[in-house]
Amino acid sequence: MFEGDSKGFEGAVGFPDKDGELYILGLCEGNHCSEEKKKDLGNGRVVLMKKKEAEGTDCLWETVRVVSIPKSASFLDYSAIDITVEGRVAITSQEDSAVWIGNALGISNGIIDPDVFEFEEDDSSVMQFPKDGGCHTVYCNIEGIHWMNDDMLMAVSDMMKSKGRQDFRCHEKD
(Lines give C-alpha, C1' and ligand atoms only; values in the text may rest on other atoms or scores of the structure.)
Protein backbone atom coordinates (compact mmCIF):
# COMPACT_ATOMS: atom_id res chain seq x y z
CA MET A 1 0.00 0.00 0.00
CA PHE A 2 2.80 2.44 0.85
CA GLU A 3 5.95 3.23 -1.07
CA GLY A 4 8.97 4.94 0.44
CA ASP A 5 10.14 4.71 4.01
CA SER A 6 8.56 7.67 5.78
CA LYS A 7 4.86 7.87 4.86
CA GLY A 8 2.48 5.36 6.41
CA PHE A 9 -0.37 5.34 8.92
CA GLU A 10 -0.25 8.39 11.13
CA GLY A 11 -3.34 7.76 13.21
CA ALA A 12 -6.03 5.17 13.72
CA VAL A 13 -9.39 4.71 15.37
CA GLY A 14 -11.39 1.52 15.87
CA PHE A 15 -15.09 0.61 16.00
CA PRO A 16 -16.98 -2.68 16.19
CA ASP A 17 -19.69 -3.54 13.68
CA LYS A 18 -23.16 -4.77 14.70
CA ASP A 19 -21.76 -8.30 15.11
CA GLY A 20 -18.90 -7.15 17.33
CA GLU A 21 -16.19 -7.53 14.66
CA LEU A 22 -13.50 -4.86 15.09
CA TYR A 23 -12.71 -2.46 12.24
CA ILE A 24 -9.76 -0.06 12.17
CA LEU A 25 -9.66 3.19 10.22
CA GLY A 26 -5.99 3.92 9.47
CA LEU A 27 -5.18 7.52 8.51
CA CYS A 28 -2.59 7.74 5.73
CA GLU A 29 0.01 10.44 6.34
CA GLY A 30 0.54 11.34 2.68
CA ASN A 31 -1.97 12.31 0.01
CA HIS A 32 -3.04 9.24 -2.00
CA CYS A 33 -1.37 7.19 0.82
CA SER A 34 1.81 8.01 -1.06
CA GLU A 35 5.14 9.67 -0.47
CA GLU A 36 5.58 10.29 -4.18
CA LYS A 37 2.19 12.07 -4.58
CA LYS A 38 2.15 13.75 -1.16
CA LYS A 39 2.05 17.28 -2.61
CA ASP A 40 -1.20 16.59 -4.49
CA LEU A 41 -3.27 18.47 -1.88
CA GLY A 42 -6.75 17.38 -0.87
CA ASN A 43 -6.28 13.69 -1.56
CA GLY A 44 -6.24 12.31 1.96
CA ARG A 45 -7.24 8.71 2.54
CA VAL A 46 -8.34 6.45 5.36
CA VAL A 47 -7.88 2.70 5.00
CA LEU A 48 -10.78 0.69 6.45
CA MET A 49 -9.51 -2.67 7.71
CA LYS A 50 -10.94 -5.63 9.59
CA LYS A 51 -9.20 -8.26 11.63
CA LYS A 52 -8.75 -11.48 9.67
CA GLU A 53 -8.29 -14.84 11.30
CA ALA A 54 -5.23 -16.53 9.88
CA GLU A 55 -3.56 -19.70 10.99
CA GLY A 56 -0.65 -19.02 13.32
CA THR A 57 -1.40 -15.33 13.81
CA ASP A 58 -4.02 -13.12 15.37
CA CYS A 59 -2.72 -9.83 14.07
CA LEU A 60 -3.51 -9.81 10.35
CA TRP A 61 -5.62 -6.90 9.10
CA GLU A 62 -7.39 -7.08 5.75
CA THR A 63 -8.12 -3.92 3.77
CA VAL A 64 -11.87 -3.63 3.21
CA ARG A 65 -11.62 -0.43 1.17
CA VAL A 66 -9.93 2.95 0.98
CA VAL A 67 -12.10 5.97 1.83
CA SER A 68 -11.34 9.47 0.56
CA ILE A 69 -11.22 12.38 2.97
CA PRO A 70 -13.25 15.33 1.61
CA LYS A 71 -11.42 17.78 -0.66
CA SER A 72 -12.15 20.53 1.87
CA ALA A 73 -9.36 18.96 3.96
CA SER A 74 -6.85 20.17 1.39
CA PHE A 75 -3.77 19.40 3.47
CA LEU A 76 -0.16 18.66 2.66
CA ASP A 77 -0.16 15.86 5.22
CA TYR A 78 -2.48 14.18 7.73
CA SER A 79 -1.23 13.63 11.26
CA ALA A 80 -4.09 12.46 13.51
CA ILE A 81 -7.73 11.40 13.51
CA ASP A 82 -10.47 11.01 16.09
CA ILE A 83 -14.10 10.04 15.56
CA THR A 84 -16.76 10.15 18.27
CA VAL A 85 -19.31 7.39 18.83
CA GLU A 86 -21.79 9.49 16.85
CA GLY A 87 -19.48 10.12 13.90
CA ARG A 88 -18.06 13.58 14.62
CA VAL A 89 -14.61 13.69 13.00
CA ALA A 90 -11.41 15.67 13.59
CA ILE A 91 -8.42 15.23 11.26
CA THR A 92 -5.24 17.26 11.76
CA SER A 93 -2.39 18.31 9.55
CA GLN A 94 1.06 18.88 11.01
CA GLU A 95 2.38 20.71 7.93
CA ASP A 96 -0.65 23.01 7.67
CA SER A 97 -1.12 23.44 11.44
CA ALA A 98 -4.84 22.92 10.92
CA VAL A 99 -7.76 20.66 11.80
CA TRP A 100 -10.65 19.54 9.59
CA ILE A 101 -13.91 19.12 11.50
CA GLY A 102 -16.72 17.14 9.91
CA ASN A 103 -18.96 14.11 10.17
CA ALA A 104 -18.90 10.50 9.07
CA LEU A 105 -21.79 8.46 7.78
CA GLY A 106 -21.99 4.88 8.96
CA ILE A 107 -21.14 5.36 12.63
CA SER A 108 -23.91 5.45 15.20
CA ASN A 109 -23.81 4.69 18.92
CA GLY A 110 -20.20 3.57 18.54
CA ILE A 111 -21.07 0.96 15.89
CA ILE A 112 -19.66 1.13 12.36
CA ASP A 113 -21.44 -0.01 9.23
CA PRO A 114 -18.41 -0.68 7.02
CA ASP A 115 -20.53 -0.83 3.86
CA VAL A 116 -21.70 2.78 4.16
CA PHE A 117 -18.86 4.46 6.06
CA GLU A 118 -17.74 7.69 4.40
CA PHE A 119 -16.96 11.26 5.30
CA GLU A 120 -19.55 13.98 4.69
CA GLU A 121 -18.44 17.11 2.87
CA ASP A 122 -21.41 19.17 4.12
CA ASP A 123 -21.12 20.97 7.44
CA SER A 124 -17.36 20.63 7.53
CA SER A 125 -14.83 23.31 8.33
CA VAL A 126 -11.09 23.80 8.54
CA MET A 127 -9.64 25.70 11.47
CA GLN A 128 -6.06 26.85 11.86
CA PHE A 129 -4.23 26.33 15.12
CA PRO A 130 -3.42 29.69 16.75
CA LYS A 131 -0.54 31.73 15.33
CA ASP A 132 1.83 34.07 17.16
CA GLY A 133 1.45 37.86 17.12
CA GLY A 134 3.14 38.04 13.71
CA CYS A 135 0.83 35.39 12.18
CA HIS A 136 3.61 32.78 12.20
CA THR A 137 2.89 29.10 12.79
CA VAL A 138 3.86 28.00 16.31
CA TYR A 139 1.94 24.70 16.52
CA CYS A 140 4.26 22.99 14.03
CA ASN A 141 4.08 19.36 15.11
CA ILE A 142 0.48 18.37 15.89
CA GLU A 143 0.58 14.58 16.22
CA GLY A 144 -2.61 13.74 18.11
CA ILE A 145 -6.21 14.90 18.41
CA HIS A 146 -9.03 13.80 20.71
CA TRP A 147 -12.62 14.91 21.23
CA MET A 148 -13.05 15.86 24.90
CA ASN A 149 -16.75 16.58 24.35
CA ASP A 150 -18.94 17.78 21.47
CA ASP A 151 -17.32 21.22 21.43
CA MET A 152 -13.76 20.71 22.70
CA LEU A 153 -10.70 19.09 21.18
CA MET A 154 -7.40 18.28 22.83
CA ALA A 155 -4.29 18.20 20.64
CA VAL A 156 -0.81 16.92 21.38
CA SER A 157 2.43 18.05 19.84
CA ASP A 158 5.69 16.33 19.02
CA MET A 159 9.17 17.77 19.54
CA MET A 160 10.53 20.34 17.13
CA LYS A 161 12.54 18.80 14.29
CA SER A 162 16.27 19.21 14.89
CA LYS A 163 19.14 20.61 12.85
CA GLY A 164 17.33 23.72 11.63
CA ARG A 165 14.61 21.89 9.70
CA GLN A 166 11.92 24.03 11.35
CA ASP A 167 11.47 27.70 12.17
CA PHE A 168 12.71 28.66 15.66
CA ARG A 169 9.14 29.64 16.56
CA CYS A 170 8.19 25.96 16.61
CA HIS A 171 10.25 25.38 19.76
CA GLU A 172 7.83 27.17 22.12
CA LYS A 173 4.98 24.68 21.51
CA ASP A 174 6.88 21.41 21.14
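User: Before bridge partners come up, when do two strands count as paired?

Analyst: Two strands pair if DSSP finds at least two bridges between them. This is a predicted model. In it, β7 (residues 98–105) and β10 pair in the antiparallel sense over 7 bridges. Take Ala98: its bridge partner in β10 is Gln128.

User: What strand order does the open sheet of 4 strands have?

Analyst: The order is β5-β6-β7-β10, and the pairing is antiparallel. β5 (80–83) and β10 (118–128) are the edge strands. Each has a single partner strand, so one side of each lacks a neighbour in the sheet. On average, neighbouring strands here are turned by 20° against each other, direction ignored.

User: Now the interior. Which residues have the most contacts inside the largest nonpolar core?

Analyst: That core has 23 residues. Those with the most contacts inside it are Leu25, Ile69, Ile83, Ile91, Ile112, Phe117 and Phe119. Elements giving two or more residues to this core are β1 (9–16), β2, β3, β5, β6 (88–93) and β7. Another core, of 8 residues, lies apart from it. Ala80, Val99, Ile142 and Ile145 are among its members.

User: Which residues does Phe117 touch, leaving out those up to four places away in sequence?

Analyst: Phe117 touches Leu25, Arg65, Val67, Ile83, Ala104, Leu105, Gly106, Ile107 and Ile112. Phe117 is buried, with a relative accessible area of 0%.

User: How is a pair of aromatic rings described?

Analyst: By two values: the distance of the centres and the angle of the planes. Planes over 60 degrees apart count as edge-to-face. The count here comes to 3 aromatic pairs. For Trp100 and Phe119, the ring centres are 6.1 Å apart and the planes stand at 90°, so this pair is edge-to-face. The pair links distant parts of the chain: Trp100 sits in strand β7 and Phe119 in strand β10, 19 residues apart. Both Trp100 and Phe119 are buried. Phe117 and Phe119 have ring centres 5.2 Å apart and planes at 80°, so they too are edge-to-face.

User: Which residues do the ring pairs link into a cluster?

Analyst: Trp100, Phe117 and Phe119. Phe119 counts as buried at 7% relative accessibility.

User: One loop residue to finish. Is Ser34 buried or exposed?

Analyst: Buried means under 20% relative accessible area. Ser34 has 4% relative accessibility, so Ser34 counts as buried. Its place is in the loop between β2 (22–28) and β3 (45–54). A polar atom of the Ser34 side chain lies 3.0 Å from the backbone nitrogen of Lys37.

Conventions. Residues are numbered from 1 along each chain as its sequence is written. This is a predicted model: local features need pLDDT of at least 70, side-chain atom pairs count only at pLDDT 80 or more; totals for chains, interfaces and linings use all residues. Side-chain values use heavy atoms; hydrogens and water are left out. Axes are lines fitted to C-alpha atoms, for helices over the stretch in contact, and angles run from 0 to 180 degrees between N-to-C directions. Buried means under 20% relative accessible area, exposed over 50%, partly exposed in between (1.4 Å probe, protein chains only). A polar contact is a pair of N or O atoms within 3.5 Å; within protein, one must be able to donate a hydrogen and the other to accept it, and residues adjacent in sequence count only if both atoms are side-chain atoms. A nonpolar core is a set of buried Ala, Val, Leu, Ile, Met, Phe, Trp, Tyr and Cys residues joined through side-chain atoms within 4.5 Å. Contact means heavy atoms within 4.5 Å. Rings of Phe, Tyr and Trp (its six-membered ring) pair if their centres lie within 6.5 Å; planes under 30 degrees apart count as stacked, over 60 as edge-to-face and the rest as tilted.
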